Structure formats: C-alpha cells, structure tokens
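Let's take a walk through this model together, starting with its sheets and ending in its pockets. Keep the viewer open as you read.

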Amino acid sequence: MDLHPESLGSKFVEDPQAFYRRLRPSGPVHQVIVWGGVRAWLITGYEEAKALLADPRLAKDHFKALELFPPGLGGPHRSPLSANMLHADPPDHTRLRKLVNKAFAARAVQHLRPRIEQIAEELIGDLDTRVTVDLIQSFALPLPIRVISALLGIPEADRAAFVSWIEPFIGSTSAARQRSAEEALGDYLPRLLADKRAQPDDDLLSELVAVSEDDDRLSEAELLSMTFLLIMAGYETTVNLIGNSVFALLRDRDKVARLRADPTLLPAAVEEFLRLESPLNTATTRFTIEPVRVGDVEIPANEFVLVALLAANHDEARFNHPEELDFTRSANQHLAFGHGIHYCVGAPLARLEGEVALGRLLDSFPNMALDTTKPVPQYRKSTLMHGLRTLPVVLNG
Ligand code: HEM
C-alpha cells in the first residue's frame, strides 16, 4: 500500500511506462490522486486488471458516480449525453448492448474495408511530400472521423459541421468549447435521427433506429446518448492507435523493413501496437459498490478504481519482454479493448482501420521517417487517453 499516493500528473501522461515501472515493486494496486484531488485506486497487474474489469462489484452507473464525486472538482463528464451504455450497469447495460450488437451484426465490418481504403487514399493524396507533415493533424485525426461519418450515415452536406462539433472533444479543449460543441450536437443529432426514421438508409444509425422499434425499445434519450457514445468511443481511441503505431514503428527501422517485406504481418503488428502503446492508458472510471479485496489490499466500498490497461499490457508476469515490439508474439491477449461486459463494441472496426492506415502509409511512402530535427512529440494531457498531440514526419525521408 502506498503511504503517499502519487498524483496522476504530467509525469504519468508523458511517460506512463516509467511511472508504472516505479510503482510495480509495491504490487498491483496503488492509491493515487486524480482530477485535481480525488482519491482513486490504480490497478497495474494484468491478472488483477482482467479480473476487476469483469467484476460486478465494480460499477459504472453515471449518476451514482456523480454522487460519489466531490463537488467543485473536474472529474466525470456531467452531460446527459454521457449517461450512455459505457456508463451503465446491468440490467440497463445488458439491454442497450444487445441492441447495439444487433445493429453492428447487421453490418459486417469487413464490408467497410473499401470505403476505409478510399478515405485513407484521399488523405494520403492530400499530404505534402515536400515538407514535414504533422501526421496526427493531417491523417490520424481525419481518418476515423470520416469512417465514423460513413458508418453512421452522416449526410455529405453536414460532414464539415459535424467534424467541427466533434473535434473539441479531443484532448484538453476548454470546457466552454466542449459545452458549445455539445449543444450543437444535442441540437443536430435528434434531427438526424428523425431523418433516419423517416427515410432509412444503409447505415448504422438507420439500423439502430430500426432495432429501437423492436420489443426492447430504446427511449429517445437512450438512442441519442448511444449515438453520441458511438461517435466518441471510436474517435480519439482510433486516432491514438494510428498515431502511436506509426510513432513506435518509425523508431525501429528493422521493424519497418520487416513489415514492408511481409504485409501479412499487418494484423499481428496492429495487435502488438495495441498492446505496446495502448490508445487508452486507463479504462473508464469504475467504483466499488462493496469492499473488494485485491491480493492483500482491501479497496473500501464507494471508491473510484482506474484499471491501467497500458500497465497491464506491460506486465512481465504476463508478457515476455513487454517493452519490446514483437510482431510474432504468441497469445497476445492484451487488454487494450477492455474485458468483460464493456468489451469494446468497435474492436473489429478499429483493427481494420489500424491495418488499412498502416498498410496504406507503408505502401505510399517507402522512405517515410520521423523528423528528428523537431522536438520530441508530446502526449495529450489526459489520464484516460494515451495519444500524441503531433507527429512530425517526412514522407520522402
Ligand atoms: C483503437 C481503437 C479503440 C480502442 C483502443 C477502444 C477501446 C475500448 C475500451 C478499452 C473499452 C472499454 C472501456 C471500459 O471498460 O472502461 C471500449 C468500449 C467501447 N468502445 Fe471502443 N475502442 C476503440 C475503438 C472503438 C470504435 C471504432 C468504436 C465504434 C465505432 C468503439 C465503440 C465502443 C463502445 C460503444 C464501447 C462501450 C461498450 C460497452 O459499454 O458495453 N470503440 N473501447
């Protein structure tokens, strides 16, 4: 047990692995301070993380979490759109998840491959090969948002405005900007859903509207917050997957050559990037509804728990040489997509986007390299996300 809880501050954000290496000798459970002064429990061991992600004594209900949260501090987002499936417990979660699974199952994700390839090609075609480009701004950010727009069926005419409302949710944009973007979305999404109801199309939102009219109905508010969740959950996470993968790959010239020589390694490479540089540093916030013993530590009831996915994915007890990038790693059962009832709905789509993005970049730019004359890339300030602000790359390096 840590007598002096660490704060999850800039050291945690800039070099989480060093932070975790320092904590590891004192066990898999640590008291920490987050969100400007709240005590939470950080879980860093793989087995403990996996067990707790599936433990019903750890709850997520948005409204109960808010009650536990000291007033006046940052912390969980307080908007009605945040009262979604990711922040719900059974039986609500079970019902919502069944409906979204049904909507996703009706649309085989592999069918999206040509569309994702087309989006990647368009973005690559717009890149300036004569200068250093910021691959986050010009490729990793726009790709997932365009894929989400296509998946959900955002009409072409609304796309630019839609993107401008979504962008403020990435990183540490001011609360005021986020609020106004949220208001704009809160105004737009009900109109979009009404249009999908009146004129269904071949897209996920139309499917969701249709399943919401079956027996297990989604209320209007649930449909709205589910739409918001699908937009948000698939955005910054995928940006980070692309950015972190390219950054890790370009630091290792041998691995770049290996992947170019054998593109069949791409799916395994994406799994390894998910493990090594997990797009989410910690899972979303959970809280104990009764005391929970983890090894020799007892976490009291009504306390916040942060499961450190990135730490679990670097646990030496589970992965040999966890700091190494190894495309041939066997049984790479990382926790980057979570575990248990909240396991990522979009995992197949995210894997596909990662594969297409990396594959297209490698094919298009045989000499792509990091621009080492620029300052070392920094991470966006977040305890949840693990992703770069910028990634300066020369494409014809
Ligand atoms: C590399 C990209 C992605 C990563 C690393 C990722 C990771 C995760 C993780 C760790 C969770 C569980 C969080 C927790 O238990 O606290 C989750 C849940 C979820 N993800 Fe993803 N995700 C990614 C992309 C996507 C995409 C593309 C979509 C949809 C289009 C999506 C939709 C969701 C949804 C709806 C949930 C909530 C599931 C539930 O509560 O039952 N994700 N994701």
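Two strands pair here if DSSP finds at least two bridges between them, and the elements themselves are DSSP runs numbered from the N terminus, with helices being H or I of at least four residues and strands being E of at least two. This is a predicted model, in which local features need pLDDT of at least 70 and side-chain atom pairs count only at pLDDT 80 or more, while totals for chains, interfaces and linings use all residues. Residues are numbered from 1 along each chain as its sequence is written, and side-chain values use heavy atoms, with hydrogens and water left out.

Start with the open sheet of six strands, whose order is β1-β2-β3-β9-β6-β4 and whose pairing is mixed. At its edges stand β1 (6-7) and β4 (58-59), and each has a single partner strand, so one side of each is left without a neighbour in the sheet. Inside that order, β3 (residues 38-43) and β9 (residues 304-307) run parallel and are joined by four bridges. To find the register, look at Ala 40, whose bridge partner in β9 is Phe 304. In the loop between β8 (297-299) and β9 sits Asn 302, which has a positive phi of about 60° although it is not a glycine. For context, most residues other than glycine have a negative phi, and most peptide bonds are trans.

There's another open sheet, with three strands in the order β5-β11-β10 and antiparallel pairing. Its edge strands, β5 (132-134) and β10 (369-370), each pair on one side only. Three bridges link β5 to β11 (residues 392-394) in the antiparallel sense, and Val 133 stands opposite Val 393 in β11.

Another backbone oddity is worth a stop. The peptide bond from Pro 90 to Pro 91 is cis, with omega near 5°, and Pro 91 is found in the loop between α4 (62-68) and α5.

Now for the ligand. What does the protein give its iron atom? The single protein donor is Cys 344 (SG), 2.3 Å away; donors are N, O and S atoms within 2.8 Å of the metal (3.2 Å for Na, K and Ca), and water is not among the atoms, so sites may look incomplete. Cys 344 itself lies in the loop between α16 (309-312) and α17 (347-364).

Around the ligand are 28 residues, the closest being His 93, Thr 284, Arg 286, His 342 and Cys 344; a residue counts as near if one of its heavy atoms lies within 4 Å. This shell divides into 17 nonpolar, eight polar and three charged residues, where Ala, Val, Leu, Ile, Met, Phe, Trp, Tyr, Cys and Pro count as nonpolar, Asp, Glu, Lys and Arg as charged, and the others, Gly among them, as polar. At least two shell residues come from each of α5 (92-105), α12 (220-233), α13 and α17. Polar side-chain atoms of Thr 284 and Arg 286 lie 2.5 Å and 2.7 Å from an oxygen atom of the ligand, respectively. A polar backbone atom of Ala 233 is 3.4 Å from a ligand nitrogen atom.

Finally, α13 (236-250) turns up again, since α2 (16-23) and α13 each supply at least two residues of the lining of the second largest pocket. That lining divides into eight nonpolar, three polar and eight charged residues.

Key
Polar contact = N/O pair within 3.5 Å; in protein donor to acceptor, adjacent residues only side chain to side chain.
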